[in-house]
Amino acid sequence: MAVTEPAPGAPTAAHEGILRRQSLRESAARTYARSLPIVPVRARGLTIEGADGRRYLDCLSGAGTLALGHNHPAVLEAIRKVLDSGAPLHILDLATPVKDAFTTELFATLPGPLAQDARIQFCGPAGTDAVEAALKLVRAATGRSGLLAFTGAYHGMTAGALEASGGATDVRVTRLPFPYDYRCPFGIGGERAAELAARWTESLLDDPKSGVPRPAGMILEPVQGEGGVIPAPDAWMRRMRALTASRSVPLIADEVQTGVGRTGTFWGVEHSGVVPDVMVLSKAIGGSLPLAVIVYRSELDSWQPGAHAGTFRGNQLAMAAGAATLAYVRENRLAERAATLGSRMLAGLQGLAATHPCIGDVRGRGLMIGVELVDTDCADPDALVPPPAPELAAAVQRECLSRGLIVELGGRQAGVVRLLPPLTITDEQAVAVLDRFADALAAAERSSPRGSASHGSAHRRSATRKSH
Ligand code: PMP
């Protein structure tokens with residue numbers, strides 16, 4: 001499409017050389033770089049410009065980091081102010097005016113009862129380190145070691161965070177069913193399924209022979225992100241809060257991806273009104289620079305000095321960029337904006353689903369949106385819903401890229417196309433995103449090995465639900 005055509009004389013040789021050297025020199029563990037072979041050189045708002053001269057609408061946003069998009073003027077100004085002031089850029093965990101202002105701004109956004117009584121721990125600058133800190137904190141505070149975590153969860157790549165994530169098999173972590181409506185583990189979906197999931201949790205906690213000793217904490221995401229954009233039902237969230245509170249089990253909300261307006265409220269827990277004991281925060285709180293913290297009820301603060309140390313816990317530029325981002329989102333009511341625009345985008349995608357049976361489910365909250373693609377030809381007639389279609393999802397991602405749209409994949413088998421645009425995306429840009437997505441989906445269907453067969457499949461449509 002014309003939008004992605006390189007400008008005449010664009011330096012495509014440089015672009016290709018950089019990509020070639022990357023594939024030769026960087027590790028086999030590289031991730032995004034494999035599915036998004038672009039070389040960003042400039043970026044502003046929703047748009048990235050590649051070394052090939054092409055422009056892309058970025059709905060990956062640094063895996064949900066860029067609440068204000070790339071290089072927002074408020075963020076750049078905050079960074080420049082620190083640079084021009086002569087302030088030290090690296091200060092371990094010493095007090096500075098920049099850190100003081102960040103903490104004040106962050107505390108002003110927290111759910112009321114937590115804000116009044118919060119402590120903050122600055123962690124190493126990745127979400128996963130803050131998850132480690134949260135797990136250590138509740139273990140130290142309760143003297144217990146077990147942890148409750150959920151199917152499909154993603155909490156990071158360091159040892160403790162991995163244990164708590166859905167792919168792990170660690171015995172210290174008890175895995176509980178997350179209410180995934182579309183692929184419901186109980187085969188029924190809806191409120192009843194969430195109720196059964198809560199009852200299972202309750203019985204494990206209360207049955208002395210359940211094999212699950214009283215745990216140190218429960219960790220959950222208000223909307224599972226990497227797991228496939230699965231919003232936790234509000235009533236279920238309140239049940240988890242009540243179950244943990246009445247048994248003195250600290251509740252940890254991992255808001256690394258759901259925070260700072262992304263889901264339509266400032267923090268994801270606000271949809272349900274739940275006030276967790278610990279919140280894990282990263283990504284958007286650093287305004288595009290690395291920053292991660294936990295905030296928690298002061299009563300849990302039984303740590304010894306140095307219990308969670310680390311050299312890079314004083315990134316002044318990130319704190320300044322983060323404070324500017326938090327203030328901008330709050331002052332400009334961008335959470336409300338995410339809610340309104342998110343509902344409109346969901347409605348648009350649900351309209352698309354009506355004519356594309358390969359869309360099994362459309363769901364999300366605010367500007368955290370997922371489209372689950374399914375293989376209607378491979379459907380087991382007895383199954384409630386068709387299996388995921390990871391190859392089709394990968395093809396859609398490729399077709400999106402060739403139309404100048406960057407999207408992410410997620411979900412249990414990478415069958416969910418994820419949209420995480422910045423909260424500053426305009427109405428016109430949102431329409432452009434949906435147009436390109438629709439075009440890409442149609443192209444991917446046409447070129448899929450089964451061609452248009454799955455498009456017109458006679459699969460039991462009644463089995464595919466559209467939820468949000
Ligand atoms: N928790 C959640 C909910 C996340 O989505 C992520 C990252 N996608 C992490 C933790 C880990 O954050 P990081 O990649 O910065 O370590």
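Let's start with His15. His15 sits in helix α1. This is a predicted model, so keep that in mind throughout. Is His15 buried or exposed? At 9% relative accessibility, it is below the 20% cut-off, so His15 counts as buried. Setting aside residues up to four places away in sequence, His15 touches Pro37, Ile38, Val39, Ala51 and Asp52. Now a distance across the model. His15 and Glu226 are 211 residues apart along the chain, and 29 Å separate their C-alpha atoms.

Stay with helix α1. His15 has buried company there: Gly17 and Leu19 are buried too. The helix covers residues 12-25, which is 14 residues. At 1.5 Å a residue, α1 should span 20 Å. The C-alpha atoms at its ends are 20 Å apart, so expectation and model agree.

Next, the overall layout. The chain divides into domain 1, residues 10-64 + 334-456, and domain 2, residues 74-331. Their centres, taken over C-alpha atoms, are 27 Å apart. How many residues are in contact between the two domains? On the domain 1 side there are 36, and they meet 33 from domain 2.

Now Gly64. Gly64 belongs to helix α3, residues 61-64. Its relative accessibility is 4%, so Gly64 is buried. Which residues does Gly64 contact, beyond its neighbours within four places in sequence? They are Arg262, Lys283, Ala284 and Leu420. Look at Leu420 in particular. Gly64 and Leu420 are 356 residues apart along the chain, yet their C-alpha atoms are separated by 5.7 Å.

Ala63 is in α3 as well. Ala63 is buried, with a relative accessible area of 9%. Check its backbone: phi is positive, about 55°, although Ala63 is not a glycine. Ser248 also has a positive phi, near 55°, and is not a glycine either. But Ser248 is in a loop, between α10 (234-246) and β10 (251-254). And Ser248 is exposed, at 52% relative accessible area.

On to the nonpolar cores. In general, nonpolar side chains in soluble globular proteins tend to be buried together. Here, the largest nonpolar core holds 96 residues. Trp236, Trp267 and Leu373 have the most contacts inside it. Which element gives this core its largest share? Helix α11 does, with nine residues. Where does the core lie relative to the domains? Domain 1 and domain 2 both contribute residues, so the core lies between them. A separate core has 24 residues, including Cys123, Val256, Ala292 and Ile294.

Take Trp236 from the largest core. Leaving out residues up to four places away in sequence, Trp236 touches Phe150, Pro177, Phe178, Pro179, Ala194, Ala197, Ala198 and Leu220. Two of those names return in a moment.

Then helix α11 itself, residues 316-331. Thr325 lies in it. Thr325 is buried, with a relative accessible area of 2%. Beyond its neighbours within four places in sequence, Thr325 contacts Ala67, Leu68, Val75, Val260, Ala284 and Gly287. Ala284 is also on the contact list of Gly64.

Last topic: aromatic rings. How many aromatic pairs does the whole structure hold? The search finds six. One of them is Phe102 with Phe122. The ring centres are 6.0 Å apart and the planes are at 55°, so this pair is tilted. Phe102 is in helix α5 (residues 97-109) and Phe122 is in strand β4 (residues 118-122), so the pair ties together parts 20 residues apart in sequence. Phe102 is buried, at 0% relative accessibility. Phe122 is buried too, at 7%.

A second pair is Phe150 with Phe178. This one is edge-to-face, with 6.1 Å between centres and 75° between planes. Phe150 is in strand β5 (residues 147-150), and Phe178 is in the loop between β6 (173-176) and α9 (190-206). The two are 28 residues apart, and the pair links distant parts of the chain. Both Phe150 and Phe178 are buried. Add Trp236, and the three form one aromatic cluster.

One more item, back at Phe122. Lys99 lies over the face of its ring, 4.7 Å from the ring centre.

Conventions: Residues are numbered from 1 along each chain as its sequence is written. This is a predicted model: local features need pLDDT of at least 70, side-chain atom pairs count only at pLDDT 80 or more; totals for chains, interfaces and linings use all residues. Side-chain values use heavy atoms; hydrogens and water are left out. Helices (H or I, at least four residues) and strands (E, at least two) are DSSP runs, numbered from the N terminus. Buried means under 20% relative accessible area, exposed over 50%, partly exposed in between (1.4 Å probe, protein chains only). Contact means heavy atoms within 4.5 Å. The expected span of a helix is 1.5 Å times one less than its number of residues. Rings of Phe, Tyr and Trp (its six-membered ring) pair if their centres lie within 6.5 Å; planes under 30 degrees apart count as stacked, over 60 as edge-to-face and the rest as tilted. A charge sits over a ring if NZ of Lys or CZ of Arg is within 6 Å of the ring centre and within 35 degrees of the ring normal. A nonpolar core is a set of buried Ala, Val, Leu, Ile, Met, Phe, Trp, Tyr and Cys residues joined through side-chain atoms within 4.5 Å. Domain bounds come from an automatic or database domain assignment.
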